[in-house]
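Reader: I'd like to learn how to read a structure like this one. Could you walk me through a few of its features?

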Amino acid sequence: MYPDTYLDGDADEYLVISGQGALDTLEITDGEGRITFPAGSVSSDSITIARDAEAFHKVTGRYPSYELLDTSPGVPTPVIDGRFQLANKKDELTLIDHGLVIQNLTWPGTFKPRKGQVHILGSDGIWDSRVFISGASRFESATFTQVSGTAFVSPDCGRSVLEQAITAASREILVNVYEFTDPGLADLLCQATLRGVKVTVLLEGGPVGGISPEEQAVIAKLHNSGISVYAMTGAGEDHAPYRYDHAKYLVIDGEKLLLSTENFKPHSFPPTGLAGNRGLGILMSSPELSSYFSKIFYSDLTGPGVSGIIGCQSEIAPYSAESYSPVYAPIQFTASSVTPVISPDTSDLILSLINGTSNRLLIEEAYIKHWSHGKRNPYLDAAIAAARRGVHVRILLDSYYYNIEDEEDNDEITAEITALANKEDLPIEARLLDLSGSGLLKLHAKGVIADDSVFISSINWNENSPSFNREAGLIIQDKTVAGYFSSVFEQDWQGFRKSHPQSDTGPDVAKLGLVCMILIMLGTVYWWRHRR
């Protein structure tokens, strides 16, 4: 049912009755009015009763089974006694069959009312706890096997993987990213169009702080090259179904998917040799997986609140940062099992992953915050529960100033976890990333390593991200991938940067440097003793 809508006057409010059989024995009442059906009316599956059929059609693109206001000649009207209209904040609804009450709903009570939310009763008789805003998708969970790909991290090697993926495209590139301010990546997409590649870009139209001048310039560059650029930023009747389009992925030629924790910003994918964010990413080769994400992309692109955007010209300062010596090169893997996690559709898979962990749980997040109204963070509580059953848990959070300056952010979370671990003698630790030692600008990753599975996503550990945003992630079951990201976690956990690439070949520069220092010291001692 959809009682509190975005249209003025709630003209598009509706309710759905599911079931097979005669309708003329049913009665629906809100205490002030009553709906019954003409003799002979039947339902083969479900029926939708809308207040105004034309308003319902305007919002959903289809007509209801019945309407109350008789605005459309092609839609029948049930029998109405009294004044029947669903109140927004507080009301009740009763379904009666043959004079017997078979269902009674109250709000608040049965569910919490929220403007724009459609409330859905599952087949198990439980109201869906996920927040489903009108116009949002309801993609089901799916797992894809025998997937090959490339794992990478930023700032070490993310740029090269992303550039190569764009350069190799031959037919189509779909880009969904929260923010896009990198002119170099924009140039690559413009060059792709010159090769005949169709490029479509979907951005968040109202990011925190608004669309920056740098992003406006990038949008203008893309638009002027013939690239279709869209922004999700509806309001009023054309309200977007998600608070933010925060996903970060590309679908390339319908065969490859690149998904990352990072935006298209210079410090997210910095040029080799320059410092940037710690970010995680994966490039997958799978037509089936790519098709799944293409459906998500076009569902969002054609949904409410999305419109074209052309940007405006402005200067973009070249990126500058401290030097950074890459440690990690990309690695290849094959035959992995991959499960997409889409918010808010399948966010519950995150808890399932944590709850199924039996050995190790490594969590590397930009931040962790508790829910509103005093509710605890369920993901953090699941990690603590894992520690209580003997899983070794380590949690690494960002220490950039805006993640530690308030009274309830990362430093308080780490202190809370440490205190609990000491009190209950639990195998759980929490730290803040040492930015100066690691050489990283900040920790922007959203990653979980659970035994031999890895979860990479755009989903932050706050209440809004998994519940209200459009987010995208992947659970990859693969020992090679888990080993790769575990080594990255270990380096970040220790808080210092190794000075040589992680590979099976080539000299160990760190050890060579240590040997040289020892030899110099020994030579100095020998010279001093010889002089004496």
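Author: Happily! Let's begin with a definition: Ala, Val, Leu, Ile, Met, Phe, Trp, Tyr, Cys and Pro count as nonpolar, Asp, Glu, Lys and Arg as charged, and the others, Gly among them, as polar. Keep in mind that this is a predicted model. With those classes, the lining of the largest pocket divides into 13 nonpolar, 10 polar and 10 charged residues.

Reader: How much space lies in the largest pocket, and which residues are the closest to its centre?

Author: The largest pocket holds about 850 Å³ of space. It is lined by 33 residues, and those closest to its centre are Ser129, Arg130, Val131, Trp371 and Ser467. The elements giving two or more residues to this lining are β11 (117-118), α6 (348-355), α7 (378-388) and α10 (464-468). Helix α10 supplies the largest share, four residues.

Reader: Next, helices. Which residues of α2 are buried?

Author: The general idea first: an α-helix has 3.6 residues a turn, so residues three or four places apart point the same way. Now the case here. In helix α2, residues 158-167, the buried ones are Gly158, Arg159, Val161, Leu162, Ala165 and Ile166. They sit on the same side of α2, because they cover an arc of only 165 degrees around the axis.

Reader: And what covers the buried residues of α2?

Author: Their cover includes the strands β13 (144-154), β14 (172-177), β17 (248-252), β18 (256-260) and β19 (279-285), along with helix α3 (183-194).

Reader: What should I look for in the backbone itself?

Author: Look for departures from a simple pattern. Most residues other than glycine have a negative phi, and most peptide bonds are trans. In this chain, a cis peptide bond joins Trp107 and Pro108, with omega about -5 degrees. Pro108 lies in the loop between β10 (100-107) and β11. Another cis bond joins Ser154 and Pro155, where omega is about 5 degrees. Pro155 belongs to the loop between β13 and α2.

Reader: Where does Asp70 lie, and is this residue buried or exposed?

Author: Asp70 is in the loop between β7 (66-67) and β8 (79-82). Its phi is positive, about 55 degrees, although Asp70 is not a glycine. Asp70 counts as exposed because its relative accessibility is 55%, and the cut-off for exposed is over 50%. His98 can be read in a similar way: its phi is near 55 degrees, a positive value in a residue other than glycine. His98 lies in the loop between β9 (91-97) and β10, and at 63% relative accessibility it counts as exposed.

Reader: How would I describe the surroundings of one residue, say Asp411?

Author: Start with its place, then its accessibility, then its contacts. Asp411 is in helix α8, residues 410-424. At 27% relative accessibility, Asp411 counts as partly exposed. Leaving aside neighbours within four places in sequence, Asp411 is in contact with Asn403, Ile404, Asp406 and Leu432. Asp411 and Ser399 are 12 residues apart in sequence and 7.9 Å apart in space, C-alpha to C-alpha.

Reader: To finish, how many helices and strands are there in the chain?

Author: The chain has 12 helices and 27 strands. Of its 532 residues, 52% count as buried. Among contacts with a separation of 6 or more, 73% are between residues 24 or more positions apart. The C-alpha atoms fill a box of roughly 115 × 60 × 45 Å along the principal axes. The chain exposes about 23,700 Å², and carbon and sulfur atoms supply 53% of that area.

Definitions and conventions: Residues are numbered from 1 along each chain as its sequence is written. This is a predicted model: local features need pLDDT of at least 70, side-chain atom pairs count only at pLDDT 80 or more; totals for chains, interfaces and linings use all residues. Side-chain values use heavy atoms; hydrogens and water are left out. On a 1 Å grid over the protein atoms alone, a cavity is a set of points where a 1.4 Å probe fits but cannot get out, and a pocket is an open set with protein on both sides within 12 Å along at least five of seven lines; lining residues have an atom within 4 Å of a point. Grid points are joined across faces, edges and corners, and a volume is the space filled by probe spheres set on the points. Buried means under 20% relative accessible area, exposed over 50%, partly exposed in between (1.4 Å probe, protein chains only). The arc is that of the directions from the helix axis to the C-beta atoms. Contact means heavy atoms within 4.5 Å. Accessible areas come from the Shrake-Rupley method with a 1.4 Å probe; for residues, only the protein chains shown count as cover.
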